[in-house]
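Student: I am new to this structure and would like to go through it by question and answer. Please show it first.

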Amino acid sequence: MSIFTSDKKLGFGTMRLPLNDSGKETDIDIEQSCKMVDYFMEQGFTYFDTAWMYHGFESENAVKKILVDRYPRESYTLATKFHVGFVKSSEEKEKVFTTQLQKTGAGYFDYYLIHDIERGNYDKYKEYDAFNWARDKKAKGLIKHLGFSFHSDAELLDQILTEQPDMEFVQLQINYLDWESENVQSRKCYEVATKHNCPVIVMEPVKGGTLVNVPDAVKTMFKDREPDLSIPSWAIRFVASLDNVKMVLSGMSNMEQMLDNCSYMKEFKPLSDDEMDLCKMAGKMISGDIKIPCTGCSYCTEGCPLDIAIPKLFALYNEDGSDYEAAVAGGGKASECVECGQCEGICPQHLPVTTYLKDVANKYE
């Protein structure tokens, strides 16, 4: 049985609530936040996420005002977190937890996270006996489900899930830009969690706004595919489409973001394999690893009247390879393209193939 009470995968992260004064993170706009909570609940979403340190330690207070005081306790689920970096001794854990209950007024937490585990603090969490302490809170009914959030490498995640096998979920930074990143290791961490049958909650699906304001080439690629969908929708739908992802957190800062997110997540439809590949290609384009977002499907080559090995030429161009003569052996050169448009008509990525072939010709011919 799933530990998540709703089949809707969008969670309301309260780390970036609207502010009255943009220069003061503790000055939360309660009126605007209430309107956002109301709309979120009206659309059938129920998962809210906060933490001890968010908004200069004011997020949990705000959650009480905008959610807990205004809705029946059984109508929503609430997650918060304990971070070892904000206490100076093991004994302070109890004070933090008691204060969290007071600040939120929630009575109990549906989800509680040992927060932000990485190589520099995992031993400190064990030294402070944080896992057993949280297990005791769960046994007393003050925590319904216990897990942790993680910001490190897949090897450490594997170690933690092996040493703490009763963790009911893990919160990971996953997005299409970090999917193959050796620093964040989104894919590798996701695969480790899945190997351990540990459900995943996603944080930073749009990487703090990076995947909202994408390069023009990426924007064009997405808009050519789905003109009516927003750019951030691709990032959120990418992670929501992963089988073992049960919840995707979005730190919504205004009603516009709320309306957009709810519009495509209310009746969520997972991306196709082709669309997932499009997102991965976008990640490579943004990180500067690729100039032509060709997936190498070769749909374009069969009908090419000049028999140009288009995917091979694009791969050579992306890799800054030098063996152009080998790439065109047995077929046409990039400059011989007659711009019949057959390739562009069939390309699943909707690429301006003939334009890219001119780029290849300019570089190699």
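Student: How many aromatic pairs does the structure hold?
Tutor: The model is predicted, and its values are computed from it. Rings of Phe, Tyr and Trp pair if their centres lie within 6.5 Å. By that rule, the number of aromatic pairs in the structure is 26.

Student: Is the pair of phenylalanine 82 and tryptophan 133 stacked, tilted or edge-to-face, and why?
Tutor: A pair of aromatic rings is described by the distance of the centres and the angle of the planes. For phenylalanine 82 and tryptophan 133, the centres are 5.3 Å apart and the planes stand at 55 degrees. Planes under 30 degrees apart count as stacked and over 60 as edge-to-face. The angle fits neither class, so the pair is tilted.

Student: How many residues apart in sequence are the parts that this pair ties together?
Tutor: Phenylalanine 82 belongs to strand β3, while tryptophan 133 belongs to helix α6 (residues 130-139). Phenylalanine 82 is buried at 1% relative accessible area, and tryptophan 133 is buried at 10%. The separation of the two parts in sequence is 51 residues.

Student: Which residues form one aromatic cluster with Phe82 and Trp133?
Tutor: The cluster takes in both Phe82 and Trp133. Its other members are Phe97, Phe109, Tyr112 and Tyr125.

Student: Which residue stands opposite phenylalanine 82 in β4?
Tutor: Strand β3 (residues 77-82) pairs with strand β4 (residues 109-117) in the parallel sense, over four bridges. Within β4, threonine 80 has tyrosine 112 as its bridge partner. Opposite phenylalanine 82 stands isoleucine 114.

Student: Through which helix does the chain cross from β3 to β4?
Tutor: On the way from β3 to β4 the chain makes a β-α-β crossover, and this crossover is right-handed. The helix it passes through is α4 (residues 92-104).

Student: How many of the residues of β3 are buried?
Tutor: Thr77, Ala79 and Lys81 point one way from β3, and Leu78, Thr80 and Phe82 point the other way. Residues on both sides are buried, so the strand is largely enclosed by the rest of the structure. The count of buried residues is six of the six.

Student: Which strands make up the closed barrel?
Tutor: The barrel has eight strands, with parallel pairing. The twist from one strand to the next averages 30 degrees. The order of the strands is β1-β2-β3-β4-β5-β6-β7-β8.

Student: At about what angle does helix α1 run to β1?
Tutor: Helix α1 (residues 30-42) lies across β1 (10-13) and β2 (47-49). Its direction, set against that of β1, makes an angle of about 165 degrees.

Student: Why is helix α10 largely enclosed by the rest of the structure, and which elements do its buried residues pack against?
Tutor: Ten of the ten residues of α10 (residues 231-240) are buried, so the helix is largely enclosed. Among them are Trp234, Arg237 and Phe238. The elements they pack against are β7 (200-203), α9 (216-225), β8 (245-250), α11 (255-265) and α12 (273-286).

Student: How far from cysteine 262 is the nearest cysteine sulfur?
Tutor: A disulfide needs two cysteine sulfur atoms within 2.5 Å, and by this rule the count is zero. Cysteine 262 is buried, with a relative accessible area of 2%. The nearest cysteine sulfur belongs to cysteine 34, at 16 Å.

Conventions. Residues numbered from 1 in each chain as written. Predicted model: local features only at pLDDT ≥ 70, side-chain atom pairs only at ≥ 80, totals over all residues. Heavy atoms only, no water. Buried < 20%, exposed > 50% of the residue type's maximum accessible area, 1.4 Å probe, protein only. Contact = heavy atoms within 4.5 Å. Pairing = 2+ DSSP bridges. Axes fitted to C-alpha atoms, helices over the stretch in contact; angles between N-to-C directions. Right-handed = clockwise from strand over helix to strand, strands pointing away. Phe/Tyr/Trp six-rings, centres within 6.5 Å; stacked < 30°, edge-to-face > 60°.
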